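Visitor: Could you take me on a close look at one part of this molecule, and then show me how that part fits with what surrounds it? I am new to this, so please go step by step.

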Amino acid sequence: MSLDRAVLAFAGVMVLVSVLLTAFVHPYFMWFTVFIGANMFQSAFTGFCPAAAIFKKLGFRAGCAF
């Protein structure tokens with residue numbers, strides 16, 4: 001799996017987890033979803049993604065975006 005696909009899969013799982021937490025635990029978990037979206041937005045412009053840096057250290061092969 002390439003680094004790009006790993007980051008997209010991780011972001012998707014985190015969004016789903018945060019939506020479930022918002023629905024079943026507490027509405028303030030909505031801010032977790034906002035944080036994920038803001039991080040994805042800034043990553044689109046800056047090219048910096050903390051998750052990509054971690055996955056790169058774990059040995060995922062580079063993709064087109066990261």
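Guide: Happy to! Let us begin with Thr22, which has a relative accessibility of 24% and so counts as partly exposed. For that label, the value has to lie between the cut-offs of 20% for buried and 50% for exposed. Please keep in mind that what you see is a predicted model.

Where is Thr22? This residue belongs to helix H1, a helix that covers residues 3-24. Back along the chain is Ala11, 11 residues from Thr22 in sequence, and the C-alpha atoms of the two are 16 Å apart in space.

Now for the company Thr22 keeps. If we set aside the neighbours within four places in sequence, Thr22 is in contact with Pro27, Phe29, Met30 and Thr33. Two of these names, Met30 and Thr33, come back when we look at helix H2, because H2 takes in residues 30-46.

Before we get there, compare Thr22 with another residue of helix H1, namely Ser18. Is Ser18 buried or exposed? Ser18 has a relative accessible area of 0%, so Ser18 is buried. Beyond residues up to four places away in sequence, Ser18 touches Phe29, Phe32, Thr33 and Ile36. Look for Phe29 and Thr33 in particular: Ser18 touches both, and Thr22 is in contact with both as well.

These contacts lead us to the way the helices pack. Two packed helices are described by the angle between their axes and the distance between the axes. For H1 and H2 the angle is about 160°, and the axes are 8 Å apart. An angle over 145 degrees counts as roughly antiparallel, and that makes H1 roughly antiparallel to H2. The crossing of this pair is left-handed.

Which residues meet there? On the H1 side you can find Ala11, Met14, Val15, Ser18, Val19 and Thr22, and on the H2 side Met30, Phe32, Thr33, Ile36 and Met40. Sorted by class, this contact has 8 nonpolar residues, 3 polar ones and no charged ones. So both residues we have visited, Ser18 and Thr22, take part in the contact of H1 with H2.

Helix H2 also has a residue with another setting: Trp31 lies in this helix. With a relative accessible area of 54%, Trp31 is exposed, since the cut-off is over 50%. From Trp31 to Ala62 there are 31 residues in sequence, and their C-alpha atoms are 30 Å apart in space.

Helix H1 has a second partner, H3, which is made of residues 50-57. Here the packing angle is about 125° and the axes are 10 Å apart. H1 and H3 are therefore oblique to each other. H1 passes H3 in a right-handed crossing, while the crossing of H1 and H2 is left-handed.

In this second contact, Leu3, Ala6, Val7 and Phe10 of H1 meet Ala51, Ala52, Phe55 and Lys56 of H3. The classes here are 7 nonpolar, no polar and 1 charged. Another residue of H3 is Ala53, which is partly exposed because its relative accessible area is 35%. Ala53 and Leu3 are 50 residues apart in sequence, yet 9.3 Å separates their C-alpha atoms in space.

One more stop is Ser2, in the segment before H1. Ser2 has 10% relative accessibility and therefore counts as buried. Not counting residues up to four places away in sequence, Ser2 touches Phe60 and Arg61.

Finally, let us step back to the whole chain. There are 3 helices and 0 strands, in the order α-α-α from the N terminus on. Of the 66 residues, 20% are buried; Ser18 and Ser2 are among the buried ones. Of the contacts with a separation of 6 or more, 59% are between residues 24 or more positions apart. The C-alpha atoms fill a box of roughly 35 × 25 × 15 Å along the principal axes. The chain exposes about 4,900 Å², and carbon and sulfur atoms supply 77% of that area.

Note on methods. Residues are numbered from 1 along each chain as its sequence is written. This is a predicted model: local features need pLDDT of at least 70, side-chain atom pairs count only at pLDDT 80 or more; totals for chains, interfaces and linings use all residues. Side-chain values use heavy atoms; hydrogens and water are left out. Axes are lines fitted to C-alpha atoms, for helices over the stretch in contact, and angles run from 0 to 180 degrees between N-to-C directions. Helices (H or I, at least four residues) and strands (E, at least two) are DSSP runs, numbered from the N terminus. Angles under 35 degrees count as roughly parallel, over 145 as roughly antiparallel, 65 to 115 as roughly perpendicular and the rest as oblique. A crossing is left-handed if the near helix is turned anticlockwise from the far one by less than a right angle, and right-handed if clockwise. Contact means heavy atoms within 4.5 Å. Ala, Val, Leu, Ile, Met, Phe, Trp, Tyr, Cys and Pro count as nonpolar, Asp, Glu, Lys and Arg as charged, and the others, Gly among them, as polar. Buried means under 20% relative accessible area, exposed over 50%, partly exposed in between (1.4 Å probe, protein chains only). Accessible areas come from the Shrake-Rupley method with a 1.4 Å probe; for residues, only the protein chains shown count as cover.
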